[in-house]
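Here is a quick tour for anyone meeting this model for the first time. Take a look at it, then read on.

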Amino acid sequence: MLVETVLGNVNEPAWTERLREAKVDDLVLDQWDAQKSRLRRTTSLGTELALSLARGVRLRDGDVLAWDDATATAVVARIALGEVMVVHLDTLHGESLDMVIRSAVELGHAIGNQHWPAVVKGTKMYVPLTVDRKVMDSVMRTHAFTGLTHEFMPGTEIIAYLAPHESRRLFGGADSTPHTHLPADLN
């Protein structure tokens, strides 16, 4: 099966209704494969699929790639988001301005030197796992940032708090979540 366009998304009312009684054949992709405009994969029901999208088109979770009226079957992209390292910047609150600036520059240098994409939102920095979790943890511990802590969380727990352009930076267009505002307790 050759897919050259996205037909819609499962979150659109017309597709939500159509898919209610349909058979859904998932094309499961990780967040990095979802950025590719050309690839070959097999769906969950065994359909071999070739993707050939126009430049600049990025798949989102829930995109409908094919529809068969005769069998009421849809092929739907399902994008599995990876983990995200969350660096807590709120621990710098109350520190001297010199300390805050030094920590920010050193953290930016360390993250940038690894070529890791990052988003700062409120008092948290989000960095998708682009290498093994142990490697990222080791980089953070090696730099021994004074007062900064970090943890790892599933991308599915982070994406709802990101604007679309932020989720694209972290997950390569894997977001189908509409824009939401960050709750005060996550700032």
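## A nonpolar patch on the surface

Start with Leu97, Ile101 and Val105, which together make a nonpolar patch on the surface. Their combined accessible area is about 310 Å². Keep in mind that what you're looking at is a predicted model.

Let's zoom in on one member of that patch. Leucine 97 sits in helix 2, which covers residues 97-113. Is leucine 97 buried or exposed? Its relative accessible area is 62%, and exposed means over 50%, so leucine 97 counts as exposed.

## Aspartate 69 and its surroundings

Now hop over to a loop. Aspartate 69 lies between strand 6 (63-68) and strand 7 (73-80). With a relative accessible area of 64%, aspartate 69 is above the 50% cut-off, so this residue is exposed too.

Which residue does the side chain of aspartate 69 touch through a polar contact? That would be tryptophan 67: the two side chains are joined by a polar contact of 2.6 Å. Alanine 22 is another residue to find from here. Along the sequence, alanine 22 and aspartate 69 are 47 residues apart, yet in space their C-alpha atoms are 9.6 Å apart.

## A three-stranded sheet

Next up is an open sheet of three strands, lined up in the order 1-5-4 with mixed pairing. Strand 1 (2-3) and strand 4 (38-42) are the edge strands, each pairing on one side only.

How do strand 4 and strand 5 pair? They run antiparallel, with five bridges between them, and strand 5 takes in residues 48-52. If you want a spot to check by eye, find leucine 39, which stands opposite leucine 51 of strand 5.

## The whole chain

Time to step back. The protein chain contains five helices and eleven strands. Measured out along the principal axes, the box filled by its C-alpha atoms is roughly 65 × 30 × 25 Å.

How much of the chain is buried? Of its 187 residues, 40% count as buried. The accessible surface of the chain adds up to about 10300 Å², and carbon and sulfur atoms account for 52% of that.

One last number is about who touches whom. Take the contacts between residues at least 6 apart in sequence: 64% of them join residues at least 24 apart.

Key:
Residues numbered from 1 in each chain as written. Predicted model: local features only at pLDDT ≥ 70, side-chain atom pairs only at ≥ 80, totals over all residues. Heavy atoms only, no water. Pairing = 2+ DSSP bridges. Helix = DSSP H or I, 4+ residues; strand = E, 2+ residues; numbered from the N terminus. Patch = residues over 30% accessible without salt bridge, like charges linked within 9 Å, V, L, I, M, F, W, Y side chains within 5 Å. Areas by Shrake-Rupley, 256 points an atom, 1.4 Å probe, with all protein chains shown as cover. Salt bridge = Lys/Arg side-chain N within 4 Å of Asp/Glu carboxyl O. Buried < 20%, exposed > 50% of the residue type's maximum accessible area, 1.4 Å probe, protein only. Polar contact = N/O pair within 3.5 Å; in protein donor to acceptor, adjacent residues only side chain to side chain. Contact = heavy atoms within 4.5 Å.
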